[in-house]
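Visitor: I would like a close look at one loop in this model and at the helix that follows. Please start there, and then show me how the rest of the chain is put together.

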Amino acid sequence: MNDSLVFQSTRLIIKIPSPEKILIIYNPISSAGNTELLARKLEAVLASHGKNVEVSPSEKKMKGYTRIEDKIAASELVVVVGGDGTIRKLLDLLNKTATPVYAIPGGNESLFARSYAMSADADDLLQAIAAGICVQQFYGLISGKGIRGEKPFFHMASMGLDSLTVKNIGKRKGPLNDSIYLWHGLKALCALHHPTISVSVDGQQVIDHRSGYIIVANTSAYAKNLRLVPSANPSKSELVAGFLPGAQPQHELIKAMRILQRKPANLPMHYFSGKHIACTLHDKAYPLQVDGDYFRNRDIEAESTVEFSVSQQPIRILIPPALNINALQNANNL
C-alpha cells in the first residue's frame with residue numbers, strides 16, 4: 001500500500017487515508033467453520049458503504065500467500081477473519097507491502113484481535129476504516145539451522161506444556177475448541193518433561209544448561225490474561241525471554257487456576273530482554289510452539305540453536321475506536 005501519511009503524531013500512532021479497497025481473508029477451519037459466512041456478511045456491509053471488497057480463503061502455508069501478494073499490495077486494508085495462526089502467516093507480506101491489517105476474532109484465543117479491542121461487529125470495523133488510525137507494531141523472527149529463512153511470529157514461541165499440547169493436537173483437521181485443548185493438555189501434563197537449554201541475549205549468556213520452561217515473547221498477551229511475560233511489548237524493538245527454572249507440574253496447575261480466574265500467572269520466572277535471543281536445546285529433541293501452532297510440524301533437534309530477532313520495520317494495525325489512544329500511548333511509555 002503506497003500512501004502519504006496525513007500526519008504522524010508519534011512514532012507509534014499514524015493516520016492513513018480511509019481505506020477504500022479492502023481484501024478480506026478468512027480461515028475456513030477457524031471459529032467452528034463459520035468464518036466464510038462472517039466474511040461474506042462483512043463484504044456485503046462494506047460494499048453497501050461504497051467499498052471495493054474482495055474475499056479470499058487463507059492459505060495453509062506462508063508460501064501460499066505469494067500467489068496473492070499483488071492483491072495484498074494493491075489493497076488499502078487487509079481484514080483477517082481467523083485466529084493468530086492466520087495473522088502469523090501474513091506478517092512478512094504485511095510488512096513488505098505496508099498494507100494495514102484489521103482482525104476479526106475467529107480463532108480459539110484470537111489474542112491479536114482481542115489485544116487491540118477488535119470485535120466481529122461490522123460497525124466497529126466501519127468506524128475504524130473511517131478514522132484511519134493505525135498503530136505501528138514490531139514482530140519477531142525465528143531462524144536457525146534447518147530453518148529456511150526467517151519465520152515470523154507476533155506473540156510468542158515457547159517450549160513446555162503448551163508446546164507439548166499443540167504437538168499432540170498436531171495435524172488435526174477441522175475447527176478447534178477449548179475442550180480439545182483441555183484434553184490434549186491433560187495428556188501432555190501426564191508426560192510432562194522440560195527441555196534443557198542454554199540461552200544468550202545480545203551475545204551474553206544468561207542461562208547455561210538448565211532445565212525449565214522457556215518462552216520468548218513479543219507481546220504480553222497470553223491465554224485468558226495469563227500474562228506470562230508482562231513486560232513484552234510490540235511497540236518496542238526488542239523481545240523478552242522468560243525462563244522458569246526447575247519447572248514442575250504444580251506450576252502448570254497454578255497456571256490452570258489463574259486461567260480460570262483470568263488473572264496473571266505471577267510465577268517466579270526470570271526475564272531477559274534484547275534484540276537477539278539464541279536458545280540452544282540440549283539432551284533430546286523437543287517441540288516448539290509459535291503463536292499456538294506446532295512449529296514446522298517437527299521437533300527442534302538436540303544441540304540445535306534457534307535464534308529470535310525483531311523485525312526491522314513495524315507493521316500497521318488499523319485500530320477500532322474502542323481502543324483508547326491515550327491509554328495505549330501511556331501503556332507504551334510515549
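Guide: Let us begin with a term: a residue counts as buried when its relative accessible area is under 20%, as exposed when that area is over 50%, and as partly exposed in between. Gly246 has a relative accessible area of 38%, so this glycine is partly exposed. Please keep in mind throughout that you are looking at a predicted model.

The loop that holds Gly246 runs between strand β12 (239-245) and helix α8. Not counting residues up to four places away in sequence, Gly246 touches Ser211, Gly212 and His251. Another residue to find from here is His194: it is 52 residues away from Gly246 along the chain, yet the two C-alpha atoms are separated by 8.3 Å.

His251 takes us into the helix itself, since this histidine lies in α8, residues 249-261. The relative accessibility of His251 is 15%, and because that is under 20%, His251 counts as buried. Gly246 turns up again among the contacts of His251, together with Leu244 and Leu267, once the neighbours within four places in sequence are left aside. You can also look from His251 towards Ala265, which is 14 residues away in sequence and 9.3 Å away, C-alpha to C-alpha.

Now let us step back to the whole chain. The secondary structure comes to 9 helices and 18 strands. Of the 334 residues, 52% count as buried. Among contacts with a separation of 6 or more, 73% join residues that are 24 or more positions apart.

The nonpolar interior comes next. The largest nonpolar core has 51 residues, and those with the most contacts inside it are Ile24, Tyr102, Phe112, Tyr116 and Ile317. Leaving out residues up to four places away in sequence, Ile317 touches Val101, Phe112, Tyr116, Met118, Ile133, Cys134, Val135, Gln137 and Phe154. There is also a second, separate core of 30 residues, which includes Ile147, Phe153, Leu192 and Val199.

Tyr102 also leads to a loop residue, Ser119, located between α4 (111-115) and α5. Beyond its neighbours up to four places away in sequence, Ser119 touches Tyr102, Ile104, Pro105 and Asp124. The C-alpha atoms of Ser119 and Ile104 are 5.7 Å apart, with the two positions 15 residues apart in sequence numbering.

Helix α5 (residues 122-131) packs with helix α1 (residues 35-48) at an angle of about 45°, and their axes are 10 Å apart. That angle makes α1 oblique to α5. The crossing of the two helices is right-handed. On the α1 side the contact is made by Leu42, Val45 and Leu46, and on the α5 side by Ala122, Leu125, Leu126 and Ile129. By class, this contact has 7 nonpolar residues, with no polar and no charged ones.

Thr35 is also part of α1. With a relative accessible area of 1%, Thr35 is buried. Residues up to four places away in sequence aside, Thr35 touches Tyr26, Asn27, Pro28, Ser30, Val81 and Gly106.

For contrast, turn to Lys167 in helix α6 (residues 161-169). Lys167 counts as partly exposed, because its relative accessibility is 34%. Apart from neighbours within four places in sequence, Lys167 is in contact with Pro287, Tyr294 and Asp299. Lys167 and Pro287 are 120 residues apart in sequence but 6.8 Å apart in space, C-alpha to C-alpha.

Two backbone details may appeal to a computational chemist. Most residues other than glycine have a negative phi. Ala98, in the loop between α3 (84-97) and β5 (101-105), has a positive phi, near 60°. Ala98 is partly exposed, with a relative accessible area of 24%. Asp283 also has a positive phi, near 70°, and belongs to the loop between β14 (276-282) and β15 (289-290). At 59% relative accessibility, Asp283 counts as exposed.

Note on methods
Residues are numbered from 1 along each chain as its sequence is written. This is a predicted model: local features need pLDDT of at least 70, side-chain atom pairs count only at pLDDT 80 or more; totals for chains, interfaces and linings use all residues. Side-chain values use heavy atoms; hydrogens and water are left out. A nonpolar core is a set of buried Ala, Val, Leu, Ile, Met, Phe, Trp, Tyr and Cys residues joined through side-chain atoms within 4.5 Å. Buried means under 20% relative accessible area, exposed over 50%, partly exposed in between (1.4 Å probe, protein chains only). Contact means heavy atoms within 4.5 Å. Axes are lines fitted to C-alpha atoms, for helices over the stretch in contact, and angles run from 0 to 180 degrees between N-to-C directions. Helices (H or I, at least four residues) and strands (E, at least two) are DSSP runs, numbered from the N terminus. Angles under 35 degrees count as roughly parallel, over 145 as roughly antiparallel, 65 to 115 as roughly perpendicular and the rest as oblique. A crossing is left-handed if the near helix is turned anticlockwise from the far one by less than a right angle, and right-handed if clockwise. Ala, Val, Leu, Ile, Met, Phe, Trp, Tyr, Cys and Pro count as nonpolar, Asp, Glu, Lys and Arg as charged, and the others, Gly among them, as polar.
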